[in-house]
Every structure is written in C-alpha cells, then in structure tokens.
Amino acid sequence: MKHHSRVPLLFVVILTILIFVINLSAPANLNFNLLNPSTLKPMPIHFQYSGIPFITKLRDLSFRLGLDLQGGSSITLRANMNGIPADERDSALASAQDVIEKRINFYGVTEPTVQTEKVNNDYRILVDIPGISDVKQAVSLVGKTAKMTFWEGSGNFPASQSAQIATESAMLDLKAGRPVGVTQAVGENPEETDLSGSDLKEAAVTFDTSGQPQVQLTFTADGAKKFADITSNNVGKIVAIALDQQVIEAPRVQQPIVGGNAVITGNFTTQQANDLAIQLNAGALPVSLTVLQEQAIGATLGKSSLEASLIAGVLGFLVIIIFMTVLYGRLGIIASAALIIYSMTVLSLFRLIPVTLTLAGIAGFILSVGIAVDANILIFERMKEELRRGRTLSNSIDLGFSRAWPSIRDSNVSSLITSAILFYFGTSIIRGFAVTLALGILVSMFSAIFVTKTFLQVFYRKG
C-alpha cells in the first residue's frame, strides 16, 4: 500500500522534469528543409523558441556545434624542439597549447579545440577553430610565439576605477601597443622593463605554510639582477606581468627581492596556480611553430550534413514509435511517451553541460535511442511471460521490471565500458561520439526503469 501511495508523487516529479526539459531541449532557432512527399520539393521548416527568460539570462543555452557542422578552420602545427632538453619538451608543448588556447579565447572564438600529438620525436598541435573560415587569419591567430613582459608605472592611478574608465584605458593600451589592462594595473604612463620571459628559468607551483598554492619564479643570473633592480625601484607599487599582450598578474612589491627567486601569491586554487605556471613557462620555453596543414571547412557542408542527420533522426524516431505501438499496443504508447521524455532530457543535458555536437556525436545520440527502446522491449517481454503464467497485471509489471533489470544493467554497463575506451583512446571526433553515447545510455536506464515503470503503475495500478 505504501508502495502504491508513492506512485502519484513520482508521476508529478516526472511531469515537473518534463516541463523543465521541454524548456531546455527545444532549439532556440532551427531552420532546415524537409522533403514534401506529395510534391517531392523541399519544404522549409522554421522553429524558434526563446525558453525560460530567467534561465536564458543566466547563460547561453544554445547548442554548441563542432567544426564539421559550423564550419571554420583546421590547422596542424609542428613544434620545433631543437635546443630544448628532452625532459622539458612535453612541458614546452603543453605551454604552447595553453598559449594558443588563451589567444583564441581572447579573440572571442567559442569552443576551439586545441590538442597535442606526439609521434616518435614529432611534436604537433592540432587546432580547430569554429566560425573562422579565413585560414590566413586563423594561422596568424595561432602561429605567433608568446612573449612575457614586466611593466612598471608612475603609481598615479586613475581617479575612478569604474567600468567606463577601465574600458577607456584598455582601448588606450591597445592603440599604444601595450598589454591590455596594464594602465589599470600600474597607473598612468606604464613602462616596459628590460626583464622578459627569456630571463625566466622556471615557474613552478609550491605551497606556503598554510597550504595555500602559490607560483615560484626562478630567474637566470641576468634575470635575477634585473628583477632585483625593478623591485628595489617599485617598493609599495605594483609590477604587472603580461603574457601575449594581456596582463595575467599584477602583484604589489612588498620589499626588494634579490637572489633570483620570487613568489606570486593570491587566492589561487591549485588548478589556477598550475595554469599560471604553465603560462609563465610558455614565455620561458618558446616553441617555434610550423604550419604542416591548413584547411577551411565550409559551413554549407556542415549545414547540409546537419539537415540530413536531423531528418534521419526524426524519421527513425517515428518508425520506432510506430513499431512499439503496433507490437505492444497501449504499452507501446506508454514506452513511446517515455522515449520522448528520454530524448528531451538528453538534449537538455547537451545544452547544460554543454556538449559540443559533431556529426559523430549526433550518431551516438541516435544510437542511444535504439538502446533505450531495447530496454523497454526486454521489460515488456518479461511482463508477457508473467501474464501467461497467470499473474495479475500489477504483479506482472513489478516482476517484469525486476527480472529484466539484470539484463538491462549488464548490457548497458558493457556499452559504457566501450564508450570509456573510445573516449580514452580516441581522437576528438570519436570522443564526441563516446560522450553522447554514454550520456544517452545513462539517461536510458533512468527512462526505462523509472519513467516507464511509473507510467505503467499510474495507468495500470488497478489491474
């Protein structure tokens, strides 16, 4: 009795989830052509939905499209490791990767993919930049070596630190060829010192006596002398550190620092301190990059591929619903309703996480729909067996789910293991397929065991 009293509550929870995912899973703006069966001519389909206002104001919930769907540029770079010790080459490659990512993000490109690849002694960086179809612009964007500089100022800060003043000073820095934010950091008339990334020997993450992460700087002999002079002349003032024409840190000098060692402190997390150390090492370990391959991927190809995938997915979904309804009747209709909730939930997760969708990723999602249907078929066949044995419908539902669960669990776990292997060893495209497939499998288990069972208990609990 207590078990059945919980069913209406679970049903209300599912309806609440459904209302939420409908507002997240519907595309904000969808345009594609669908073939009209009667005229055999393309029929334009336009769908637009803004979603829940307060959610859309918090963050952008539009689908993230990969390079193959949005178009852009793909570049393969080779890192020249001549003159860099063998034990420092991996660190140098990671530094170059971080600099490229930072540069692309600074220019406002969303969802770039920057990966490193090592084959024997060949070090490469693979860069995919969605939205930039001009290959020359893309190469110019990523092909320069980062430069680290130190800046000092007069100490006369602007009277107001408002957003307007900050924006004006940033524009002045850009026009004057200075790092963005240096005027706000050190005051009026910022001057570049003769200390640079070439004077930095190493940057490493350490921890103070309280366990707070910090970044330890070690300079060369010449760099130590320069740093001592700079800190002696700027006691009580701020010295800004800029990487790739952008200020990354602006510590205040408490006392002259001699000996060639310095510490950058702040409210760092361990990851933030590690990222800063990598950025600083990028200036200490410059890697020259050579373009091996460059390719522009047109958005037209991506759009046509996306339209074909959407049409295939919709048609496949309709065929599954018809198949389940014909084969299982009312049970099939309930399973189809659960399948719709499943699809909306997965699409909502794609937008919330967010997941960058590629053609391979869409294929993984469509495949997971078939896996979700397979779970329902196992459950319904078990229910039929129990009904043939003379069980009541209510008992058949409970026994069908409990006895089908081991098979569903084992098959889905094996698929999740396969997805994990594909993600770990695969390239970016294969990883996208693995991520969407794994998410779909996890949600399908929830849909089959929780949603479908609750629907059956609500509509058949008197059986």
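Here a trainee and a mentor talk through the nonpolar cores and aromatic rings of this predicted model.

Trainee: Why is Phe350 called buried?

Mentor: Its relative accessible area is 2%, and buried means under 20%, so Phe350 qualifies.

Trainee: And what makes Phe365 count as buried?

Mentor: The reasoning is the one we just used: Phe365 has 14% relative accessibility, and the limit is under 20%, so Phe365 is buried too.

Trainee: How do you know that Phe350 and Phe365 form an aromatic pair, and why is it called edge-to-face?

Mentor: Two values are needed here, since a pair of aromatic rings is described by the distance of the centres and the angle of the planes. For Phe350 and Phe365 the centres are 5.9 Å apart, and rings pair within 6.5 Å. The planes make an angle of 75°, and over 60 degrees counts as edge-to-face, so both parts of the name hold.

Trainee: What makes this a link between distant parts of the chain?

Mentor: Phe350 belongs to helix H12 and Phe365 to helix H13, with the two 15 residues apart.

Trainee: Why is the pair of Phe446 and Phe450 called stacked?

Mentor: Their centres lie 5.0 Å apart, with 25° between the planes. Planes under 30 degrees apart count as stacked, so the label fits Phe446 and Phe450.

Trainee: Where do Phe446 and Phe450 sit along the chain?

Mentor: Both are in helix H15, and because they are four residues apart, about one helical turn separates them.

Trainee: Are Phe446 and Phe450 buried or partly exposed?

Mentor: Phe446 has 35% relative accessibility and Phe450 has 24%. Partly exposed covers the range between 20% and 50%, so Phe446 and Phe450 are both partly exposed.

Trainee: How do you know that Arg431 sits over the ring of Phe423?

Mentor: The charged end of Arg431 is 5.0 Å from the ring centre of Phe423, and the distance limit is within 6 Å. There is an angle condition as well, within 35 degrees of the ring normal, and Arg431 is listed as sitting over that ring.

Trainee: Now the largest nonpolar core: which residues have the most contacts inside it?

Mentor: Those are Leu339, Ile379, Phe380 and Leu456, in a core of 34 residues. Helix H12 contributes the most, namely nine residues.

Trainee: What does Leu339 touch?

Mentor: Leaving out residues up to four places away in sequence, Leu339 touches Phe317, Ile320, Val369, Ala372 and Val373. Another core, of 23 residues, lies apart from the largest one and includes Leu243 and Ile264.

Terms used: Residues are numbered from 1 along each chain as its sequence is written. This is a predicted model: local features need pLDDT of at least 70, side-chain atom pairs count only at pLDDT 80 or more; totals for chains, interfaces and linings use all residues. Side-chain values use heavy atoms; hydrogens and water are left out. A nonpolar core is a set of buried Ala, Val, Leu, Ile, Met, Phe, Trp, Tyr and Cys residues joined through side-chain atoms within 4.5 Å. Buried means under 20% relative accessible area, exposed over 50%, partly exposed in between (1.4 Å probe, protein chains only). Contact means heavy atoms within 4.5 Å. Rings of Phe, Tyr and Trp (its six-membered ring) pair if their centres lie within 6.5 Å; planes under 30 degrees apart count as stacked, over 60 as edge-to-face and the rest as tilted.
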